[in-house]
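Colleague: Please pick one part of this model and walk me through it closely, with its surroundings. Start with how far the prediction itself can be trusted.

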Amino acid sequence: HGAAGCPPDPVRLNAALVQPYARLALPGGRARLSERAAALAVAVLRLRPFPEGNAAMACLLCTLWLELNGVALQAPPLEKYAMFAALAGGRLNRQGLAQWIQVRHLASQPGVQSVVQVSLRGNVVQGIAAIRNPRPVSLKEPASP
């Protein structure tokens with residue numbers, strides 16, 4: 001995920017990797033996993049610890065950090081690419097990424113039917129929403145006793 005033979009800057013990488021934990025040190029000290037993962041992705045993009053491929057590494061590290069904390073980021077690859085490209089290009093902010101992560105996590109819960117909607121205005125993400133339906137209802141008649 002970077003130039004061959006060019007290792008990442010260890011100081012910048014370490015600074016990016018502590019961001020999910022630094023969010024807890026802020027006043028209030030509470031942040032959702034999605035907010036902390038988004039902080040990691042933004043830090044990788046801002047600090048640029050890798051010679052190249054920082055957007056791909058932001059996606060990879062964010063996904064890996066979530067997995068290590070018991071959350072699977074299940075989204076189509078093209079959607080992931082679009083979200084992290086929007087983040088890298090300044091068309092999506094940390095809060096927007098955190099909201100998308102949370103919506104994607106909710107949508108992947110077993111037994112939940114969901115519709116994920118991402119609204120755009122001129123390549124800028126305006127909103128992300130999940131519409132959750134209750135568990136499917138069987139239309140079969142109950143068996144007669």
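Modeller: Confidence first, then. Of the elements in the protein chain, helix α4 (residues 54-68) has the highest mean pLDDT, 92, and strand β2 (residues 124-133) the lowest, 60; pLDDT is the predictor's confidence in each residue, on a scale from 0 to 100. Over residues 134-142 the pLDDT drops below 50, and that stretch has 5 contacts in the model beyond near neighbours in sequence, a contact being heavy atoms within 4.5 Å. Where pLDDT is low, the predicted coordinates should not be read in detail. For the protein chain, the average is 77, with 67% of the residues scoring at least 70.

Some bookkeeping. This is a predicted model, so local features need pLDDT of at least 70 and side-chain atom pairs count only at pLDDT 80 or more, while totals for chains, interfaces and linings use all residues. Residues are numbered from 1 along each chain as its sequence is written, and side-chain values use heavy atoms, with hydrogens and water left out.

As for the layout, the protein chain has 6 helices and 2 strands, in the order α-α-α-α-α-α-β-β. These are DSSP runs numbered from the N terminus: H or I over at least four residues for a helix, E over at least two for a strand. Of its 145 residues, 30% are buried; buried means under 20% relative accessible area, exposed over 50%, and partly exposed in between, using a 1.4 Å probe and protein chains only. Taking contacts between residues at least 6 apart in sequence, 55% join residues at least 24 apart.

The part I'd zoom in on is α5. Helix α5 runs over residues 77-88, and its end C-alpha atoms are 16 Å apart, which agrees with the 16 Å that 12 residues should span at 1.5 Å a residue. (The expected span is 1.5 Å times one less than the number of residues.) Its buried residues are E79, K80, M83, F84, A86 and L87. They take up an arc of only 155° around the axis, so they sit on the same side of α5; the arc is that of the directions from the helix axis to the C-beta atoms. P77, L78 and Y81 are exposed on the other side of α5. After the helix comes G90, with a positive phi near 80°.

Two of those buried residues are worth a stop. K80, in helix α5, is a buried lysine with a relative accessible area of 16%. Beyond its neighbours within four places in sequence, K80 touches C59, T63, L73, A75 and W100. Its C-alpha lies 9.9 Å from that of T63, 17 residues away along the chain.

The other is F84, which belongs to the structure's 1 aromatic pair. The F84 and W100 rings have centres 6.4 Å apart and planes at 85°, so the pair is edge-to-face. The rule is that rings of Phe, Tyr and Trp (its six-membered ring) pair if their centres lie within 6.5 Å; planes under 30 degrees apart are stacked, over 60 edge-to-face, and the rest tilted. The pair ties F84 in α5 to W100 in helix α6 (residues 94-107), 16 residues apart. Both F84 and W100 are buried.

Now for the neighbour, α4. The buried residues of α4 pack against α5, and also against α1 (10-17), α2 (19-22), α3 (33-47) and α6. They are N54, M57, A58, C59, L61, C62, T63, W65 and L66. Helix α4 has 15 residues and reaches 20 Å from first C-alpha to last, close to the 21 Å expected. L64 belongs to α4 too, but L64 is partly exposed at 43% relative accessible area. Just after α4, G70 has a positive phi of about 85°.

One last stop is the loop between α3 and α4, where R48 lies. R48 has a positive phi of about 50° although it is not a glycine, and at 47% relative accessibility R48 is partly exposed. E52 is in that loop as well, and its C-alpha is 9.2 Å from that of P8, 44 residues away along the chain.
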